[in-house]
Amino acid sequence: MLRKVFAFCAAVLCAAPIAVGAAGTPAGTVIQNTATLTYSIGGVPAISTTPPASFTVVELINVTLVSQDAATVAVNSPDSNRALTFLLTNTGNGPETFALARNNAVAGDNYDPLNGSAGAIFLENGLQAGFQATGPNADTLYVAGSNDPALAADASRIVYVVSDTPAARPTGDVGRVELSAASTTAGAAGAAPGTTLPGLGQGGVDAVVGGTRALARQAGGYVVSGVAVTLAKTVVSIVDVAGGSTVRSGSIVTYRIVLGVAGSGSALGLALNDPLPANTTYVANSITVNGQARTDAADADQAEFSNAAVKVLFGDTAAPTSHIVEFRVTVN
Amino acid sequence: MRNFLFITIALVIQVAAISAGAQQNPILVKNVAETEVERKNAQGVAEKVRVPLDKAVPGTEVIYTTTFTNNGSKPAGNIAITNPVPAEMTYVGGSAFGDGTDITFSIDGGKTYAAAEKLRVKTPDGRERAALASEHTHIRWAYRGELAPAKTGSAGFRAVIK
């Protein structure tokens, strides 16, 4: 069995003598070709081989940026440090370093996002998926010229464009940011495809600017989003004086109100005001909020009963979230 | 006088080396890698010109040409040229050329050869399909008849750098 496994490994190694990535044969590879001629003269067989025809594969510089956001990223107004996510890929055939820059003044949108207060561009550090501005898995702040991402051929890196949102933008406003990644090889970025840069490729081979002009640009967008507050009131239980569940005089009815805050952004000064149904009497101190008892007085806890209505104050509430309020009444 | 003597000796040695080579290998073989570039001729018309290749980017189509010349005094027979498609390259289907030759291909690293349309590949589900040009690993040219002294033949193919 062991021998079989070894034989299998050997076969796999043999079958893959050269790793050619999607980006092509690695820069600096010398490709040789030798033809063999067999013949006979006067019945005597002979063999002859050609000197190798050989050439060197030069470095092709190519790069792509692809937005990883399924849609425009919902933000509040104002908001801070919301990330757009891009995938930077070295689609050339040699290692290459890229300088990143963002353009906040993209034409055709409603407002210009601001560089994030935590930083303008971050590089995924691989510890935790998604953007983290702070904490043990905080992503790496990009500093141009200092930690420009260096990528092997075919390698990728997640890049975050992090933005603050100005105040007082109406719901639905879109702000776009364009990220650019430019090869740091001198003279490459933006040059016409096919431009040769002698000796500037991997290991001193020539570098040739590829179809992407060694420069990638990709825009992403934010949209100022409203929040949707939903309210659902249900009867949780009815207990009559006889221990049954019919509604009659003296029955105790428990109501449940589920307050949902959906969408994106914050519901400011969120408050619930639920007048009692007719012909019912409030059961004193029966209010609970998310399972916690509340007093009826207008005091430090967020709930009160006054003017024949149950009132709960939630204040500024960030979406998405939900709250459950319950209270009891007796039927008159 | 001394210089002259050295030169004479050097010449003699060189001549001896060439004649020894010619006796061992009366067929002189050469292999060149070229690519086609478009250039404007004197009339301003674009035309394709073959130029020798010493460096290239992935995606370049390379033309390999093997030439063989009979420098001996007797005709050579049973001439066959075998050329592997470099592992970093993909054969361009239908591109193999060679006047007066029968061309066959291998998809198994040069163990067996057959005409391109007869090459079959077993798929994982046990069926068979026609081999793709990209699966050709070697090309063989069998030269029909004999190559007379002082005659030259050529054979070649095109392949694209992966």
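**Exercise 1.** Determine how many salt bridges the rule finds across the interface of chain B and chain A in this predicted model, and identify the partners.

*Solution.* The rule finds one salt bridge across the interface of chain B and chain A. Its partners are A:Asp206 and B:Lys55, whose closest N and O atoms are 2.7 Å apart. The criterion requires a separation within 4 Å, so the pair A:Asp206 and B:Lys55, at 2.7 Å, qualifies.

**Exercise 2.** State the number of residue pairs in polar contact between chain B and chain A, then describe the side of chain B that touches chain A by strand and by residue class.

*Solution.* Twelve residue pairs, both members at pLDDT 80 or more, are in polar contact between chain B and chain A. On the chain B side, at least two residues each come from β1 (27–40), β3 (55–56), β4 (61–70), β5 (76–84) and β11 (152–161). β5(B) gives the most, with nine residues. By class, this side of chain B has 23 nonpolar, eight polar and six charged residues.

**Exercise 3.** Establish which strands pair between the two chains, and in which direction they run.

*Solution.* Strand β4 of chain A (residues 53–57) is joined to β3(B) by two bridges. These two strands run parallel. Within this pairing, A:Thr56 stands opposite B:Lys55; B:Lys55 is also the residue that forms the salt bridge with A:Asp206.

**Exercise 4.** Give the extent of the contact in residues and in buried area.

*Solution.* The contact takes 37 residues from chain B and 33 residues from chain A. Between them, the chains bury about 2600 Å², with 62% of it on carbon and sulfur atoms.

Definitions and conventions
Residues numbered from 1 in each chain as written. Chains lettered and ligands numbered in written order. Predicted model: local features only at pLDDT ≥ 70, side-chain atom pairs only at ≥ 80, totals over all residues. Heavy atoms only, no water. Contact = heavy atoms within 4.5 Å. Buried area = accessible area lost by both parts, 1.4 Å probe. Salt bridge = Lys/Arg side-chain N within 4 Å of Asp/Glu carboxyl O. Polar contact = N/O pair within 3.5 Å; in protein donor to acceptor, adjacent residues only side chain to side chain. Helix = DSSP H or I, 4+ residues; strand = E, 2+ residues; numbered from the N terminus. Nonpolar A, V, L, I, M, F, W, Y, C, P; charged D, E, K, R; others polar. Pairing = 2+ DSSP bridges.
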